[in-house]
Amino acid sequence: MATVITVEKRREDFDVTAVVTSIQSSAETALGKLYASLPKGVGAAGVARARAFARFERSGLPTRRIEAWHYTDMRSALREAYPLAFDYAMNPTRGLRIDLIDGAAPDDLGQQTWPEGLRVRALRDVLAGAGDDLAAKIYPDQGANDAMVALNAAMSGDGLVIEVATGARIETPIGVYWRSGGVTPRSDFSRVLVLLGDGAHITLVESHAAHARTQRNSAIVFHLAAGASVEHVFVPEFYEAESHVATLIAELGECAAFNSFALIAGGGLLRRQIFARCAGEQADVAFRGVSLLGGKQHADTTLVVDHAAPHGRSRELFKHIVTDGASGVFQGKVIVRPHAQKVDGGMKSQTLLLSDDAAMYNKPELEIFADDVVCGHGATVGELDKDQLFYLMARGLTKAEAEALLLDGFAREAIEFVSNEDVRSRLETLMSDWLESRPS
Amino acid sequence: MLEIRNLHAEIGGKKILNGVNLMVKSGEVAAIMGPNGSGKSTLSYVIAGRDGYEVTEGEALLDGENILALDPHERAAKGLFLAFQYPLEIPGVTTMTFLKAAMNSQRKQRGEAELTTPDFIKKVNVAAERLGVKKDMLRRALNVGFSGGEKKRLEVLQMALLEPRFGILDETDSGLDIDALRIVAEGVNSLRSPDRAFLVITHYQRLLDYIVPDNVHVLSKGRIVKSGGKELALELEKNGYRDYGGEAA
Ligand SMILES: Nc1ncnc2c1ncn2[C@@H]1O[C@H](COP(=O)(O)OP(=O)(O)OP(=O)(O)O)[C@@H](O)[C@H]1O
Ligand SMILES: [Mg+2]
């Protein structure tokens, strides 16, 4: 039964000015019980996780009154919290593919031979021995005040720690597959830490599979030392998750480059949130994506790119195709700190709405405190162009073929930026499948 | 081949075509000339099936069949082709992808086998070579960033590949340089045959030196007001449209 408690929300922690009395929802109560049932963490990581849960408890599940969550109300989306699923069953690695089943890492990571310069461990094996420095990397400040990030920190007993040594360039893409371990309702929490030394390089494909009664909260945290570079791809496959909060945090050193692409299709509620910080000079980040939304899906992409050093560059390009009664959200905030001169930022969100019931909410924001910067943003929402459709039909394409070709072209403009050819063609196949099965 | 009978059409309540009568026989090339805004493009759009026009009276028969109730792609599959005055840009779709989709769509609708990729590429290369269409244009997004002349050449390339029975060219000559004009005209001429016909819309008699028409029609205020042989174009070049309800040249 719901208990009535008084929660005081401190200004410095939260975007809330008033002291709010709230009734804990049954999901929040259940999450508290789930947390209590976990083994107590030890060491610096244990302290960080306990602090994170306290933070979550203070704020509760985010509601639309929290500005950053205005379009995605987690409190009403999560009516109940599903039981925690942990599955340490045999979960072997295959090549450079690592499966996280219900958030749990394989138990044979230590026996694998990885390419030179690559080290992969289970987060559960790292947590107990983590000192302050490592704990600060696993639980960075960026995004830490977000309730769902805090909940992830508190609840994630497992995941991965991937280290790429200084100068090591791992050319083969590493696939991390998040999967549901069974068909019963389950919630999984996991965190992946990726540490890149100076000049290191990795391509990481974040692949999500989940059945329809999965509540997932996944976080992936990248630290890029000077000159390091990452190609990151987020892709759902066999993906029907009821709700999923997927957080990406990236901290970039000098001349580091982070290039990320997300294909979003399938599932119920998906909140992707990105916190990227260009801490070193000349850091370069790019976040792009395509959302293909149908049915009653809701997909929210919320990103903060923080330019904390001069000569940084950021590019965001998100393409949304929204049909049926689905809804999409894009909130993008680019911050340029006072001394971060000569920053070059460009953000675009483009939407095609294919039905009257489809909805898209765009909120681009620039917070620029330096005077010598070039930053722009644009958001468009429209329908398929009638003249383009006519042109194609006048050449013999049926209406459905013409629409599919235009939609394909629209999305391809973003997919083009994925540099790995195999990964790109996999994305193109998934996209064509969606377009072909699209109800017209 | 194409017969237009008493065609009246309006857009947004505004009358544009006011009873067009026109007959183009198999094997024939007909030219339409007329002042700006007289309805030439409107006529070509109505024939091709663009949305938004209301046909209030009349019919358009292709080989005896009224095509006005058909969708644009059905008309295309029956052999109708319109080279646009302003070709559309399609971002993200390469010219090659588009050409293959168009050719195979028409084949499918006619119950013919689809082209294999090598056959398709061979056909495109031959036609592109002949019409001076650069290879890199075929790899780029359709018409995106193409110059005015390049777009027009590509319209003719599409026509050459789709081999229509009835082709309408709406000011395909405007924007072409002198050499391109000749190349494009040769492209059209090589398609001329006893079982094809063309309707060439132009402002300039010069095009008609290259594509010699059998008949010339003057469209003014939504009606054909004069028809004649190729010498009519020369007369118009000299005197303008003042005798046909247009402004003095
Ligand atoms: N959507 C529209 N709404 C209102 N009027 C229109 C619309 N489209 C065309 N018109 C008008 O219809 C008339 C005929 O236009 P059309 O494009 O057919 O002329 P045209 O003979 O092809 O001219 P040009 O030689 O300049 O190409 C013009 O007066 C034009 O302004
Ligand atoms: Mg015109």
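**Exercise 1. Find the place of Glu163(B) in chain B, then work out its backbone angle and its exposure.**

Start with the location. In this predicted model, Glu163(B) sits in the loop that runs between H6 and strand S9 (166–170) of chain B.

Next, check the backbone. Phi of Glu163(B) comes out near 45 degrees, a positive value in a residue other than glycine. The positive phi turns up just after H6(B).

Last, the exposure. Relative accessibility is 47% for Glu163(B). Buried would need a value under 20% and exposed a value over 50%, so Glu163(B) counts as partly exposed.

**Exercise 2. Take the helix that comes before that loop, H6(B), and compare its span with the expected one. Is the helix mostly buried or exposed?**

Step one is the residue count: H6(B) covers residues 148–162, which makes 15 residues.

Step two is the span. At 1.5 Å a residue, H6(B) should reach 21 Å, and its end C-alpha atoms are 22 Å apart, so the two agree.

Step three is the burial. Of the 15 residues of H6(B), 14 are buried, so the helix is largely enclosed by the rest of the structure.

**Exercise 3. Do the loop analysis again for Lys221(B): where is it, what is its phi, and is it buried or exposed?**

Location: Lys221(B) belongs to the loop between strand S11 (215–220) and strand S12 (223–228) of chain B.

Backbone: phi is positive here, about 50 degrees, although Lys221(B) is not a glycine.

Exposure: the relative accessible area of Lys221(B) is 57%. The cut-off for exposed is over 50%, so Lys221(B) counts as exposed.

**Exercise 4. Describe the surroundings of ligand 1: how many residues are there, of which classes, and which elements supply them?**

Count first. The shell holds 14 residues, and the closest are Gly37(B), Lys40(B), Ser41(B), Thr42(B) and His203(B).

Now sort by class: three residues are nonpolar, eight are polar and three are charged.

Then map them onto the fold. Strand S2 (14–24) and helix H1 (40–48) of chain B each supply at least two residues of the shell. H1(B) gives the most, with three residues.

Finally, look at the side chains with polar atoms close to the ligand's oxygen atoms:

- Lys40(B) has a side-chain N or O atom 2.8 Å from an oxygen atom of ligand 1.
- For His203(B), a polar side-chain atom lies 2.9 Å from an oxygen atom of ligand 1.
- For Glu171(B), the corresponding distance is 3.3 Å.

As for cover, ligand 1 has 640 Å² of accessible area on its own, and the protein covers 63% of that.

**Exercise 5. Switch to chain A and look at helix H9(A): how far does it reach, and why do its buried residues line one face?**

Begin with the geometry. H9(A) spans residues 421–437, 17 residues in all. From its first C-alpha to its last it reaches 24 Å, close to the 24 Å expected at 1.5 Å a residue.

List the buried residues: Val423(A), Leu427(A), Glu428(A), Met431(A), Trp434(A) and Leu435(A).

Now look down the axis. The buried residues of H9(A) fall within an arc of 135 degrees, so they line one face of the helix. Some helix background helps here: an α-helix has 3.6 residues a turn, so residues three or four places apart point the same way.

Then check the other side of H9(A), where Glu421(A), Asp422(A), Glu436(A) and Ser437(A) are exposed.

**Exercise 6. Place His232(A) in chain A, decide whether it is buried or exposed, and find which side chains it contacts.**

His232(A) lies in strand S10 (residues 229–239) of chain A.

Its relative accessible area is 1%. Anything under 20% is buried, so His232(A) is buried.

Now for the partners. The His232(A) side chain makes a polar contact of 2.8 Å with the side chain of Glu206(A). Another polar contact, of 2.9 Å, links His232(A) to the side chain of Ser260(A).

**Exercise 7. Locate Leu236(B) and give its C-alpha distance to Tyr204(B).**

Leu236(B) is in helix H9 (residues 231–239) of chain B. With a relative accessible area of 5%, Leu236(B) is buried.

For the distance, Leu236(B) and Tyr204(B) are 32 residues apart along the chain, and their C-alpha atoms are separated by 9.3 Å.

Technical notes: Residues numbered from 1 in each chain as written. Chains lettered and ligands numbered in written order. Predicted model: local features only at pLDDT ≥ 70, side-chain atom pairs only at ≥ 80, totals over all residues. Heavy atoms only, no water. Near = heavy atom within 4 Å. Polar contact = N/O pair within 3.5 Å; in protein donor to acceptor, adjacent residues only side chain to side chain. Areas by Shrake-Rupley, 256 points an atom, 1.4 Å probe, with all protein chains shown as cover. Helix = DSSP H or I, 4+ residues; strand = E, 2+ residues; numbered from the N terminus. Nonpolar A, V, L, I, M, F, W, Y, C, P; charged D, E, K, R; others polar. Expected span 1.5 Å × (residues − 1). Buried < 20%, exposed > 50% of the residue type's maximum accessible area, 1.4 Å probe, protein only. Arc of directions from axis to C-beta.
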